[in-house]
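Grab your viewer and work through these exercises at your own pace. Each one sets a task, then walks through a solution.

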Amino acid sequence: MRAGFRINGDPVAVDGEPRLHLADCLCNVLGLTGTHLGCEQGACGASTVIVDGAAVCACLILTVQAEGASVVTVEGLSSDDALSPLQTAFRKHHALQCGFCTPGVLTTAHALLTEEPDADADRIRSALSNNLCRCTRHILYVAAVLQARSGYRKTDKP
Ligand code: FES
Ligand code: FES
């Protein structure tokens, strides 16, 4: 199969087995190893990426299903120049430990705040309910996402 889509803004065309799921494609074909694989059945959230604005588990969709889509991975969430609002907030709140879950948490939070920059704590907890953290950072990453909201509010930007 051959699938063409945009990854972090750049067009790519991938040849591979029809069963190649998007997470393996990102990590093993495109070299974007920031997307992590844990359960490979949609239960841990580690493989979450953003497809056409929605947070989805990349282990649950086939690469061919991304045809024509815009895919954003954790590598596409910030430039090299400065920390993003989420990165700044996660650092301040020590909202990660080993970091294994972190890419999925950041992509999920980014998709949420892009659509709902005023999301409250309950909404954030709900959106992140599929992102499991074995280091038990859950309370801290909710606090970090709450802080990062101001960076997503258009009226708050200079
Ligand atoms: S590896 Fe995809 S949700 Fe766990
Ligand atoms: S920081 Fe280790 S699994 Fe979440």
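**Exercise 1: a proline and its surroundings**

Which residues does P11 touch, not counting residues up to four places away in sequence?

Solution. Keep in mind that this is a predicted model.
- Step 1: Find P11, which sits in strand β2.
- Step 2: Drop the residues up to four places away in sequence, and P11 is left touching F5 and R6.
- Step 3: Check the accessibility of P11: its value is 60%, so P11 counts as exposed.
- Step 4: For a sense of scale, jump 121 residues along the chain to L132, whose C-alpha atom is separated from that of P11 by 31 Å.

**Exercise 2: helix α1**

Work out which residues of helix α1 are buried and what they pack against.

Solution.
- Step 1: Helix α1 covers residues 22-29.
- Step 2: Its buried residues are L22, A23, C25, L26 and C27.
- Step 3: Look at the partners: the buried residues of α1 pack against the strands β1 (2-7), β2 (10-15), β3 (48-51) and β5 (70-72).
- Step 4: Walk past the end of the helix to G31, which follows α1 and has a positive phi near 75 degrees.

**Exercise 3: positive phi without glycine**

Take E40 and D52, place each in its loop, and say whether each is exposed or partly exposed.

Solution.
- Step 1: E40 belongs to the loop between α1 and β3. Its phi is positive, near 55 degrees, and E40 is not a glycine.
- Step 2: With a relative accessible area of 43%, E40 is partly exposed.
- Step 3: D52 is in the loop between β3 and β4 (54-57). Here too a residue that is not a glycine has a positive phi, about 50 degrees.
- Step 4: The relative accessibility of D52 is 54%, so this residue counts as exposed. The step relies on the cut-off for exposed, which is over 50%.

**Exercise 4: salt bridges**

How many salt bridges does the structure hold? Go through three of them, using R123, R153 and D122 as starting points.

Solution. A reminder first: side chains of opposite charge can pair when their charged atoms come close.
- Step 1: The count is five salt bridges.
- Step 2: From R123, the salt-bridge partner is E116, at 2.9 Å from N to O. R123 is partly exposed at 33%, and E116 is partly exposed at 30%.
- Step 3: From R153, the partner is D118, at 2.7 Å from N to O. This pair links distant parts of the chain, 35 residues apart: R153 is in the segment after α5 (138-148), and D118 is in the loop between α3 (102-115) and α4 (121-127). R153 is partly exposed at 22%, whereas D118 is exposed at 54%.
- Step 4: From D122, the partner is R125, with the closest N and O atoms 2.7 Å apart. Both residues are in helix α4, three residues apart, so about one helical turn separates them. D122 is exposed at 53%, while R125 is partly exposed at 46%.

**Exercise 5: the nonpolar cores**

Identify the residues that touch the most other members of the largest nonpolar core, and find which helix supplies the largest share of this core.

Solution.
- Step 1: This core has 25 residues, and those touching the most other members are L86, F90, I124, Y141 and V145.
- Step 2: At least two residues come from each of α2 (85-92), α3 and α5. The largest share is that of α3, with six residues.
- Step 3: Zoom in on V145 and skip its neighbours within four places in sequence: V145 is in contact with L86, F90, A109, L113, I124 and L128.
- Step 4: Now look for a second, separate core: it has 17 residues, among them A3, V14, A23 and L32.

**Exercise 6: the largest pocket**

Which residues line the largest pocket, and how do they divide into nonpolar, polar and charged?

Solution.
- Step 1: The largest pocket has a volume of about 160 Å³.
- Step 2: Its lining is made up of G38, C44, A46, C98, F100, C101, L132, C133, R134 and C135.
- Step 3: Sorting the lining gives eight nonpolar residues, one polar and one charged.

How values were computed. Residues numbered from 1 in each chain as written. Chains lettered and ligands numbered in written order. Predicted model: local features only at pLDDT ≥ 70, side-chain atom pairs only at ≥ 80, totals over all residues. Heavy atoms only, no water. Salt bridge = Lys/Arg side-chain N within 4 Å of Asp/Glu carboxyl O. Buried < 20%, exposed > 50% of the residue type's maximum accessible area, 1.4 Å probe, protein only. Helix = DSSP H or I, 4+ residues; strand = E, 2+ residues; numbered from the N terminus. Core = buried A, V, L, I, M, F, W, Y, C linked by side-chain atoms within 4.5 Å. Contact = heavy atoms within 4.5 Å. 1 Å grid on protein atoms, 1.4 Å probe; cavity = no way out; pocket = protein on both sides within 12 Å on 5 of 7 lines; lining within 4 Å. Points joined across faces, edges and corners; volume = space filled by probe spheres on them. Nonpolar A, V, L, I, M, F, W, Y, C, P; charged D, E, K, R; others polar.
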